[in-house]
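Dear colleague,

I am handing over the structure we spoke about, and below it I have set out what was found in it. Please read the notes with the coordinates open beside them.

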Amino acid sequence: MPTLPSYPPSGTPTEGMVLVAVPLAYVPHVARLLADLDARHRVGPVPRRRADPTPHPAESDWTVEDLRRLSQGRSATHRTVAAVLDALAADPERLFTVADLAEATGRPRKKIIGAMAGLTRLLKAHYNYAGRGFPFDRMPGRPESPRELCYTMDRVRAARWREAQHRGPETAGKVGAQPDL
């Protein structure tokens, strides 16, 4: 039978340490917890300077094709964002609160909030978020709720969103093309 190491291991400073009895089944969990706590206190690596410090030129706005791609996403975030964009495009220039969007989309407020929280990450991963931003505008609230964030879409983006929703890729470039029914 192998001999167990002495506790504390020789050469280990014991100052600032406490021996705690832990059931054997919990030892891996305690070790993982200690490793996590230790990792939080470590200083992370120093970020490298970007090789190309000049930013790429900003793109003007969301294209119909980009909006179509966004609308065709399959995740829950995509579906909720598409429903929000439908609501915003149906009434351009109107300021919608989260409660208004929940009512207009038939989704709970928590779903709307969650989708909006995940939207930035989604846009950064799949679109030129830095050049375009959101496909809608966010602004401080209306007079009756000045602290609540509101969402709105201008008429141009609303028309692009509706076009992206109603026209298939084969008719996207044709002027005056009717949606497939």
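In what follows, two residues are said to be in contact when they have heavy atoms within 4.5 Å of each other. Please bear in mind throughout that this is a predicted model.

With that meaning of contact, and leaving aside its neighbours within four places in sequence, Thr-105 is in contact with Ala-83, Val-84, Ala-87 and Ile-112. Thr-105 itself belongs to helix H4, which covers residues 98-105, and it counts as buried because its relative accessibility is 16%, the cut-off for buried being under 20%. A polar atom of the Thr-105 side chain also lies 2.8 Å from the backbone oxygen of Leu-101.

Two of the residues just named, Val-84 and Ile-112, appear again where helices H3 and H5 meet. The axes of H3 (residues 76-90) and H5 (residues 109-126) come within 9 Å and cross at roughly 105°, which makes H3 roughly perpendicular to H5. On the H3 side the residues involved are Thr-77, His-78, Thr-80, Val-81 and Val-84, while H5 contributes Lys-111, Ile-112, Ala-115, Met-116, Gly-118, Leu-119 and Leu-122. Sorted by character, the residues of this contact comprise seven nonpolar, four polar and one charged.

Turning to charged pairs, a search of the whole structure finds eight salt bridges. One of them joins Asp-61 to Arg-157, with the closest N and O atoms 2.9 Å apart; since Asp-61 lies in the loop between helix H1 (27-41) and helix H2 (64-71), and Arg-157 in helix H7 (residues 155-166), this pair ties together parts that are 96 residues apart in sequence. Asp-61 counts as buried at 15% relative accessibility, and Arg-157 counts as buried at 11%.

Helix H2 holds salt bridges of its own, including the one between Glu-65 and Arg-68, whose closest N and O atoms are 2.8 Å apart and whose residues are three apart, about one turn of the helix. Glu-65 is partly exposed, with a relative accessible area of 41%, whereas Arg-68 is buried at 2% relative accessibility. Asp-66 and Arg-69 form another salt bridge, with their closest N and O atoms 3.5 Å apart, and they too lie in H2, three residues apart. Here Asp-66 is buried at 10% relative accessibility, while Arg-69 is partly exposed, with a relative accessible area of 38%. Finally, salt bridges that share partners join Asp-61, Asp-137, Arg-157 and Arg-160 into one network.

With best regards

Notes: Residues numbered from 1 in each chain as written. Predicted model: local features only at pLDDT ≥ 70, side-chain atom pairs only at ≥ 80, totals over all residues. Heavy atoms only, no water. Axes fitted to C-alpha atoms, helices over the stretch in contact; angles between N-to-C directions. Helix = DSSP H or I, 4+ residues; strand = E, 2+ residues; numbered from the N terminus. Parallel < 35°, antiparallel > 145°, perpendicular 65-115°, else oblique. Nonpolar A, V, L, I, M, F, W, Y, C, P; charged D, E, K, R; others polar. Buried < 20%, exposed > 50% of the residue type's maximum accessible area, 1.4 Å probe, protein only. Polar contact = N/O pair within 3.5 Å; in protein donor to acceptor, adjacent residues only side chain to side chain. Salt bridge = Lys/Arg side-chain N within 4 Å of Asp/Glu carboxyl O.
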